[in-house]
Amino acid sequence: MNLRVKMGTVVPKMGTFVHPEDVPADYRAAVAMALHAELGSTHRAIKSAMRWTGASERTVKYWFAGERGPSGEHLVSLARHSDVVLVLLLTMADRLVLEDGEG
């Protein structure tokens, strides 16, 4: 599997990944969906995102609610720890390339 190709990144379509056709157009709603898909909706999920990013509890709750979206630095931290957020980011940037035979 090539991890880097000319037009984007190859990502397998399986597991808890967000599939391109399921991604909302709104950035805040898309990040909220990705966080819920990766971590769930519990208080433990919020604490995990806080540890990943160093953001406050209130800030992370805004992300989970879709009221606000993470800034660049926090988004990079989320993508570093979450495959779902990474796929979401690539999909929203039109840089996602699926492996041959998928999608």
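Visitor: What is the relative accessible area of Lys61?

Guide: Welcome! This is a predicted model, where local features need pLDDT (the predictor's confidence in each residue, from 0 to 100) of at least 70, side-chain atom pairs count only at pLDDT 80 or more, and totals for chains, interfaces and linings use all residues. Residues are numbered from 1 along each chain as its sequence is written, and side-chain values use heavy atoms, without hydrogens and water. Lys61 is partly exposed (between buried, under 20% relative accessible area, and exposed, over 50%, with a 1.4 Å probe and protein chains only), and its relative accessible area is 30%.

Visitor: Which residue forms a salt bridge with Lys61?

Guide: A salt bridge needs a side-chain nitrogen of Lys or Arg within 4 Å of a carboxyl oxygen of Asp or Glu. Here the closest N and O atoms are 3.4 Å apart. The partner is four residues away in helix 3 (residues 57-65; a DSSP run of H or I, at least four residues, numbered from the N terminus), so about one helical turn separates the two. That partner, partly exposed at 25%, is Glu57.

Visitor: How many salt bridges does a search of the whole structure find?

Guide: Besides Glu57 with Lys61, the side chains of Asp26 and Arg28 meet at 3.8 Å, N to O. Asp26 is partly exposed at 35%, and Arg28 is partly exposed at 38%. The search of the whole structure gives a total of two.

Visitor: Which ring has Arg58 over its face?

Guide: A charge sits over a ring if NZ of Lys or CZ of Arg is within 6 Å of the ring centre and within 35 degrees of the ring normal. Arg58 lies 4.4 Å from the ring centre. Arg68 also lies over this ring's face, at 4.0 Å from the centre. The ring belongs to Tyr62.

Visitor: Which helices do the buried residues of helix 2 pack against?

Guide: Helix 2 covers residues 43-53, and its buried residues include Ile46, Ala49 and Met50. Just after helix 2 comes Gly54, with a positive phi near 80°. The buried residues of helix 2 pack against helix 1 (27-39), helix 3 and helix 4 (72-81).

Visitor: Where does pLDDT stay under 50?

Guide: Across the chain, the mean pLDDT is 81, with 73% of residues at 70 or more. Where pLDDT is low, the predicted coordinates should not be read in detail. The stretch that stays under 50 is residues 1-14.

Notes: Contact = heavy atoms within 4.5 Å.
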